[in-house]
Amino acid sequence: MRSHYNTDLDESFVSKEVRLCGWANSYRDHGGVIFIDLRDRSGLIQLVCDPKDSPNAHKIAQSVRSEFVLIARGRVRLRGEGLTNDRLKTGTIEVLVEELIVENESAALPFGINDESVGEELRLKYRFLDLRSPRLYENFALRSKACIAARNSLASMGFLELETPILTKATPEGARDYLVPSRVHPGEFYALPQSPQLFKQLLMCAGFDRYFQIAKCFRDEDLRADRQPEFTQIDVEMSFGTQEDIIAVAESFLKDIFAACGKPIKTPFRQMPYDEAMENYGSDKPDLRFDLKFIDVRDIFERSSNEIFASLARDGQKNRIKALRVPQGDKIFSKRQMQSFEEFVRKFGAQGLAFIQAKEEGPKGPLCKFFSEADLGELTKRCELEVGDVVFFGAGAKKVVLDYMGRFRIFLAQNLQIIDPERLEFLWVVDFPMFERNDDGSYSAMHHPFTMPKNIDEEDLEKISSVAYDVVLNGVELGGGSVRIHKNEIQQKVFKKLGIDGAQQREKFGFLLDALSFGAPPHAGIAIGLDRLIMLVSGASSIREVIAFPKTQRAQCLMTQAPSKASGEALKELGIKLRENLK
């Protein structure tokens, strides 16, 4: 139907006949001559319907309104002097229409295309209209480039693109599974995969050596701006590969992806041990676009005359006392503002937030009375305080302090406006703990239970480390991976430490244990969150802006009204009966 996309045209097409298709973006009647901005996926071009040149096209143009689907045939000409539009790629030309077809009309719109003031719920209800926005189109054009670049890059390194099942077996991977009832096996269920983890390991056992997949994954968990119940990841696995090998592969295809998206990056990325990230930034995904690094002052507080601080400081195994220096903060924040910061950290478990101001005459603040002159001098030296600086202190249980001080660090950076939105700061966080303690006292695998431990025979689970690594961009975890367990006896030891007995191991993971017993090679892999990656590259505010048909924060599709109730007949066929008043 079309000869060109709108922005294919330029001044070299003057006097040539073209045939264009698209939507009426806007309509103007200027003294009998009608101007229509035609929009297609490439952009806008101005159509001119003049009654003197084509009375029939002009008559049809009089009925055109926003979002009518049009097909136009005409000749390209230069715009008149002083009538060019520098904001458009086609701003120096227009098309004098000879034939105009209204292929389809549009009902009255619930909102204007490109209207940024419209609430997200309304936009998601009419997502097919929202997606007509050129801004969103650019996000998905970028996503397409990223996928193509990832495929080409990994294929050039000898990786095969292979598909793994969507209907599979429920396995514990840290989140709730989406369950799918089986009609042909009454009372039994499939699970949608949280990741292709076990299948890609089985492919390594099968000798495929290098695998990748742009995989759909499903997790029934609470949603946030960067999470969805279904998401996409670039999934990679290789045999006979070390952590260094996987990091090199990941950096290579990430470099190719970002180049394809017009944002070249440098490799190799910086690496940082997990413990260092937590102790210095309070996060296993620190944003390194700004400094604001924690300073350990526990030993100084141990000598303070305040018994609460001193007793906390004496137990360095369980507790932390961290300082956070803000250069010239005393000149930026009022005393009332600094006191209000306590309200922020209390939301995350802090008992309080002390601070000291660096004045000409020395450190000042209520905290100072608990320290000797020598210790105040040591605080000044260690925190590298200069006149006008302010230093905040967090004290308490290790996990709580690192968490709220890490959040406070980001909160301060946002208030100070010191985060460069154009900067791309990559980081590998390595040497993760193997296990983490849950609130109920039980333990779970920090990454997943198929990660290779470094010292599995250590009795204290919190001292067992793993060969695991996360790649972080601007404080967002892009993805993670690990060297996998390829020996049956090590895998069984991990299961045992997680409280999974032999019978449960056979029931849930018998196929994996069997595969490991038949000559499984050493192997390692990584998965990169594609949605998060595109969110960061495009500058979108959430991953809903880079997923064509996303769910809301309540895991609903407002457009299709999913999830929805199933008919009684369908439930009966599946052998399912719902309880009344189900909450």
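The buried residues of helix α5 pack against β9 (210-218), β10 (230-239), α15 (502-516) and β22 (523-529); buried means under 20% relative accessible area with a 1.4 Å probe, counting protein chains only. Helices here are DSSP runs of H or I with at least four residues, strands are E runs of at least two, and both are numbered from the N terminus. This is a predicted model, where local features need pLDDT of at least 70, side-chain atom pairs count only at pLDDT 80 or more, and totals for chains, interfaces and linings use all residues. Residues are numbered from 1 along each chain as its sequence is written, and side-chain values use heavy atoms, leaving out hydrogens and water.

Let us stay with α5 for a moment. This helix spans residues 197-205, and seven of its nine residues are buried, among them Leu-198, Leu-203 and Met-204. Just after α5, Gly-207 has a positive phi of about 90 degrees.

Now turn to α4 (residues 134-156) and α6 (residues 243-260), whose axes, lines fitted to C-alpha atoms over the stretch in contact, come within 8 Å and cross at roughly 140 degrees. That makes α4 oblique to α6, because angles from 35 up to 65 and from over 115 to 145 degrees fall outside the parallel (under 35), perpendicular (65 to 115) and antiparallel (over 145) classes. Residues of α4 including Ala-146 and Ala-149 meet residues of α6 including Phe-253 and Ile-257, with contact meaning heavy atoms within 4.5 Å.

Phe-253 and Ile-257 also lead us inward: they are among the residues touching the most other members of the largest nonpolar core, which has 65 residues. The largest share of this core, eight residues, comes from α6. A nonpolar core is a set of buried Ala, Val, Leu, Ile, Met, Phe, Trp, Tyr and Cys residues joined through side-chain atoms within 4.5 Å.

Definitions and conventions: Axes fitted to C-alpha atoms, helices over the stretch in contact; angles between N-to-C directions. Buried < 20%, exposed > 50% of the residue type's maximum accessible area, 1.4 Å probe, protein only.
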